[in-house]
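Colleague: I'm new to this one and would like a hand with reading it. Could we go through a few features together?

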Amino acid sequence: MVLIADPQLVDPHTYPGRPWPLSTITRLHTDYYMRKSFALLQEHLDPTTVFFLGDLFDGGREWLPPGSVSSDPRWRNYGEDYWVKEYRRFGRIFFDGWLRRRETARAGFDDHKRILAGLPGNHDLGLGKGIRLPVRQRFNAFFGDGNHVDIVGNHTFVSVDTVSLSAKGQVDPATGRQGAAEGEGSGQEIWGPVEEFLKSMKTDKARIIDRAVRIQNARVENDLMLHEVLDIHSPLVNKSVHAAYTSK
């Protein structure tokens with residue numbers, strides 16, 4: 001297993017004001033460095049699982065979806081289209097090479113190998129009251145939910161979107177008051193799903209572990225339901241169907 005923290009793709013937010021062509025050279029050089037390093041990591045370590053630990057982008061929180069406007073005028077020309085371009089760029093650096101390696105080594109490739117990139121950082125979402133719900137929803141739509149339980153080997157890893165949890169009870173800079181714990185204006189739509197995950201995590205973890213053990217032991221993923229095949233023309237089936245319809 002390999003943990004990768006803060007790739008933070010270089011973008012206009014990283015070095016604001018850096019002129020062309022220096023800005024483009026910086027981006028190309030760092031992209032090549034990360035792509036080459038990731039390829040060597042796969043070649044020499046051959047990990048079964050790669051975890052990305054947030055801050056996938058540098059200015060991702062600033063490239064806002066339609067209907068939202070950045071508080072910083074420098075980033076108002078960067079929107080949803082720019083974020084999607086950065087997502088594709090991230091894929092070219094990390095996902096494409098991994099997929100090509102998977103195809104070329106298909107015969108001996110472990111189908112349980114995974115890349116998990118759903119854990120966000122503050123550069124992806126913002127922090128506290130700076131988190132916008134559409135930004136978090138977009139990140140989850142492309143990378144997956146930040147709250148999840150994963151079984152790697154015989155170890156259980158619990159990922160928690162603590163960035164979203166930071167929105168709970170934040171002080172309102174306009175009033176100086178601490179935010180309400182629940183209800184309107186509390187940001188519950190941001191931090192609520194994280195709390196629900198933590199509350200149900202014990203049960204969910206047991207279920208996920210049971211499923212992983214079944215798969216490792218070449219058993220079916222879920223419990224089999226008892227069943228039998230009946231002739232639809234048999235008196236027993238006809239009687240049951242008639243009773244079901246007449247009871248409605």
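Modeller: Sure, we'll take the sheet, then a loop residue, then some backbone angles. Keep in mind that this is a predicted model, where local features need pLDDT of at least 70, side-chain atom pairs count only at pLDDT 80 or more, and totals for chains, interfaces and linings use all residues. Residues are numbered from 1 along each chain as its sequence is written, and side-chain values use heavy atoms, with hydrogens and water left out.

Colleague: In which order do the strands of the sheet come?

Modeller: Strands of a sheet pair through backbone hydrogen bonds, either parallel or antiparallel. Here 3 strands make an open sheet, ordered β1-β2-β3, with parallel pairing. The edge strands, β1 (2–4) and β3 (114–116), each pair on one side only. From one strand to the next, the twist averages 15 degrees. That angle is taken between axes, which are lines fitted to C-alpha atoms (for helices over the stretch in contact), and runs from 0 to 180 degrees between N-to-C directions. Helices (H or I, at least four residues) and strands (E, at least two) are DSSP runs, numbered from the N terminus, and two strands pair if DSSP finds at least two bridges between them.

Colleague: Over how many bridges do β2 and β3 pair?

Modeller: Strand β2 (residues 49–52) pairs with β3 over 3 bridges, in the parallel sense. Look for V50, which stands opposite I115 in β3.

Colleague: Now the loop between β1 and α1: is L9 buried or exposed?

Modeller: Buried means under 20% relative accessible area, exposed over 50%, and partly exposed in between (1.4 Å probe, protein chains only). L9 has a relative accessible area of 0%, so L9 is buried. You'll find L9 in the loop between β1 and α1 (22–45). Setting aside neighbours within four places in sequence, L9 has contacts (heavy atoms within 4.5 Å) that include M34, F57, R89 and F94. L9 and G59 are 50 residues apart in sequence, yet 8.5 Å apart in space, C-alpha to C-alpha.

Colleague: And which residues are joined by a cis peptide bond?

Modeller: Most residues other than glycine have a negative phi, and most peptide bonds are trans. In this model, a cis peptide bond joins W20 and P21, with omega about 10 degrees. P21 sits in the loop between β1 and α1.

Colleague: What is phi of Q8 near, and what is phi of D46 near?

Modeller: Phi of Q8 is near 40 degrees, a positive value, and Q8 lies in the loop between β1 and α1. Phi of D46 is near 50 degrees, also positive, and D46 is in the loop between α1 and β2. Q8 counts as partly exposed because its relative accessibility is 22%; D46, at 34%, counts as partly exposed too.
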